[in-house]
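Please open the structure in your viewer and keep the selection tool at hand. The tour proceeds by short steps, each naming what to select and what is to be found there.

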Amino acid sequence: MALGLVNTGSDETAVVAFVPDRSATLVLKNDTGPALHLKRKAVTSDRAGAFYPTETGFSVVGSDSTGTEHHYGALTTANATMLVPIPPTRVLDTRSAAGRTRLLEGGNQIDSQGRAVAGAWLLVHLDGIVNYGDGLIGNVTVAKTEKGGFATVYGRGAAPDASTINWWGAGQLLSNGVITQLGAWSTANGDYYPDTVAIWVQKSASAIILDVTGLLVFHPESAVINNPKGLTARTGTSGVRADAIKASAERASREVQPRA
């Protein structure tokens, strides 16, 4: 290696030193710029099974049924979510006080029959089930309906116009599958709650039940319900492990949930 010049390494470049005090073999230092600058080389010949850097992560070379080689994006915790099944878990049942313990908002919009009143906005916190998740899969049920109406289950952004479940009369018991994003909630005092889902009940009072069966997460350890010991680190505290999961899962500023 020649100092001060551009150096081209061979297939194998080794720097070896035998120093009794175990000091550094090689120290890279540049007071006016980067100590080491690595440039990406344009790919001129693809090889099946090879990995190449891309703007969004990595791609792997594979071939289709005709033998033509293509670059396929490699999905990782940095650029994709994964589905993690969990035991069916009831996170809301407005018919009982015990079933409403996860409500951050809407607890005062329940009538004497355990129904969310028409126009109620319910916000459910999934604490202890997921940490910094992206979405959920589950089932929403309505019971003891007052008259025809509908409800929307959603995670972030403004309340959508679409409905998740509809009913057309009194006394009905109906359910529907739901896949939706998770959001975050910030109170006027500055308290912040990640992993929330909202339910907007419209046109009619109804009891609302929400069960969760799967989570969409960036990292499987975000599904903390599957780990009864909670977030634990191989070294360090659980807080350190939680921070590491947050760093890999919450990759950008999450949009705070506005009230419907």
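The model on display is predicted. Begin by selecting Arg90, Asp93, Arg95 and Asp211, which are linked in a network of salt bridges.

Within this network, turn to Asp211 and Arg90, which form a salt bridge whose closest N and O atoms are 2.7 Å apart. Because Asp211 belongs to strand S13 and Arg90 to strand S4, the pair ties together parts that are 121 residues apart in sequence. Is Asp211 buried or exposed? Asp211 is buried, with a relative accessible area of 14%, while Arg90 is partly exposed at 48%.

Next, select Asp93 and Arg95. Their salt bridge has its closest N and O atoms 2.9 Å apart. Asp93 counts as buried at 10% relative accessibility, whereas Arg95 is partly exposed at 41%.

Move now to Asp134 and Arg156, another salt bridge, with 3.1 Å between the closest N and O atoms. Asp134 lies in the loop between S6 and S7 and Arg156 in the loop between S8 and S9, so this pair ties together parts that are 22 residues apart in sequence. The count of salt bridges comes to five.

The interior is the next stop. In soluble globular proteins, nonpolar side chains tend to be buried together. Select Leu122, Ile199, Ile208 and Leu215: of the 31 residues in the largest nonpolar core, these touch the most other members. Strands that each supply at least two residues of this core include S4 (82-93), S7 (135-143), S12 (192-202) and S13 (207-217). Which strand gives the largest share? That strand is S13, with five residues.

Centre the view on Leu215. Beyond the residues up to four places away in sequence, Leu215 touches several others, among them Met82, Val84, Ile129, Leu136 and Ala223. Apart from the largest core lies another core, of five residues, including Trp121, Leu123, Tyr154 and Ala198.

Select Thr141 in strand S7. Thr141 counts as buried because its relative accessibility is 14%, under the 20% limit. The side chains of Thr141 and Asn139 are joined by a polar contact of 3.4 Å. Leaving aside neighbours within four places in sequence, Thr141 is in contact with residues including Leu173, Ser175, Ala207 and Ile208.

Finish at the surface with Leu26, Leu28 and Leu36, a nonpolar patch with about 280 Å² of accessible area together. Leu36 lies in the segment before strand S1 (51-54) and is exposed, with a relative accessible area of 52%.

Technical notes
Residues numbered from 1 in each chain as written. Predicted model: local features only at pLDDT ≥ 70, side-chain atom pairs only at ≥ 80, totals over all residues. Heavy atoms only, no water. Core = buried A, V, L, I, M, F, W, Y, C linked by side-chain atoms within 4.5 Å. Buried < 20%, exposed > 50% of the residue type's maximum accessible area, 1.4 Å probe, protein only. Helix = DSSP H or I, 4+ residues; strand = E, 2+ residues; numbered from the N terminus. Contact = heavy atoms within 4.5 Å. Polar contact = N/O pair within 3.5 Å; in protein donor to acceptor, adjacent residues only side chain to side chain. Patch = residues over 30% accessible without salt bridge, like charges linked within 9 Å, V, L, I, M, F, W, Y side chains within 5 Å. Areas by Shrake-Rupley, 256 points an atom, 1.4 Å probe, with all protein chains shown as cover. Salt bridge = Lys/Arg side-chain N within 4 Å of Asp/Glu carboxyl O.
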